[in-house]
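Good morning, everyone. Please take a moment to look at the sequence and the structure on the screen, and then I shall go through them step by step.

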Amino acid sequence: MTIRAVAGDAYREAFGILVLSAAASVFSGVVLGGMERELTVVPGLLTIVPALLATRGSVYGSLGARLATGLHQGLVDPELGVPSRRVRSAVVAAMLNGVVISAIAAVAGYGIRYALDLAVAPLAALVVVALVAGVLSGAGLTLVVIVTVFVGYRRGLNPDALAGPVVTTTGDVIGIATMLAGARLAIAAGVV
């Protein structure tokens with residue numbers, strides 16, 4: 001196979017996903033733009049948005065890569081039923097990392113805004129938002145990653161070409177939606 005043929009195959013496999021990724025990212029921006037009330041009531045929320053979204057891509061992109069590597073090496077079966085010990089371990093590690101890093105991002109965002117003497121919601125409010133977003137988006141992204149990687153692999157597609165764009169896009173959409181849910185929960189609970 002020539003380099004041109006390999007590059008062409010990679011482009012054809014990823015192009016549709018990349019187009020969907022761009023459209024979904026615009027949708028995430030629209031949702032974020034509609035969060036004016038929550039962004040006003042929970043000062044500092046916008047500060048932690050980039051950290052929370054970036055960590056979703058990193059943590060669950062790594063999960064996708066681990067699963068893809070396991071599939072390529074024959075260590076993981078592409079079955080959507082009861083997951084193997086390897087898959088369960090990878091999922092638990094990803095979920096734990098996602099939730100812990102969400103809390104760290106909330107504490108860091110609070111600390112930086114406080115140190116700069118900028119308006120900031122109570123630490124508890126930012127932590128509630130981050131933890132709700134971490135748990136809910138983690139569950140959603142885990143499901144999306146497993147289905148995308150396993151189904152793509154069974155259909156003869158390279159899961160490495162699918163996992164990155166799917167995780168990034170889904171992470172943005174689910175991440176913004178779950179942060180909105182977390183902010184509304186913090187407001188309703190009177191933590192702000």
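The protein chain in this predicted model contains 6 helices and 0 strands. Read from the N terminus, the order of its elements is therefore written α-α-α-α-α-α, with helices and strands assigned as DSSP runs.

Let us turn to the chain as a whole. Along the principal axes, its C-alpha atoms fill a box of roughly 60 × 35 × 25 Å. The chain has 192 residues, and 39% of them count as buried. About 9800 Å² of the protein chain is exposed, and 68% of that area is supplied by carbon and sulfur atoms. Among the contacts with a separation of 6 or more, 82% join residues that lie 24 or more positions apart.

A word on charge. The protein chain carries 12 positive and 9 negative charges, and the mean positions of these two groups are 5 Å apart.

I should now like to consider one helix in detail, namely H6, which covers residues 159-188. How far does H6 reach from its first C-alpha to its last? The distance is 41 Å for 30 residues, which is close to the 44 Å expected at 1.5 Å a residue. Is helix H6 mostly covered or mostly open? It is mostly covered, since 21 of its 30 residues are buried.

Finally, please look at the two ends of this helix. At the start of H6, a side-chain oxygen of Asn158 comes to within 2.9 Å of the backbone nitrogen of Asp160. After H6 comes Gly190, and the phi of Gly190 is positive, near 75 degrees.

Conventions:
Residues are numbered from 1 along each chain as its sequence is written. This is a predicted model: local features need pLDDT of at least 70, side-chain atom pairs count only at pLDDT 80 or more; totals for chains, interfaces and linings use all residues. Side-chain values use heavy atoms; hydrogens and water are left out. Helices (H or I, at least four residues) and strands (E, at least two) are DSSP runs, numbered from the N terminus. The expected span of a helix is 1.5 Å times one less than its number of residues. Buried means under 20% relative accessible area, exposed over 50%, partly exposed in between (1.4 Å probe, protein chains only). A polar contact is a pair of N or O atoms within 3.5 Å; within protein, one must be able to donate a hydrogen and the other to accept it, and residues adjacent in sequence count only if both atoms are side-chain atoms. Contact means heavy atoms within 4.5 Å. Accessible areas come from the Shrake-Rupley method with a 1.4 Å probe; for residues, only the protein chains shown count as cover. Lys and Arg count as positive and Asp and Glu as negative; His and the chain ends are not counted. The place of a charge is taken as NZ of Lys, CZ of Arg, CG of Asp or CD of Glu.
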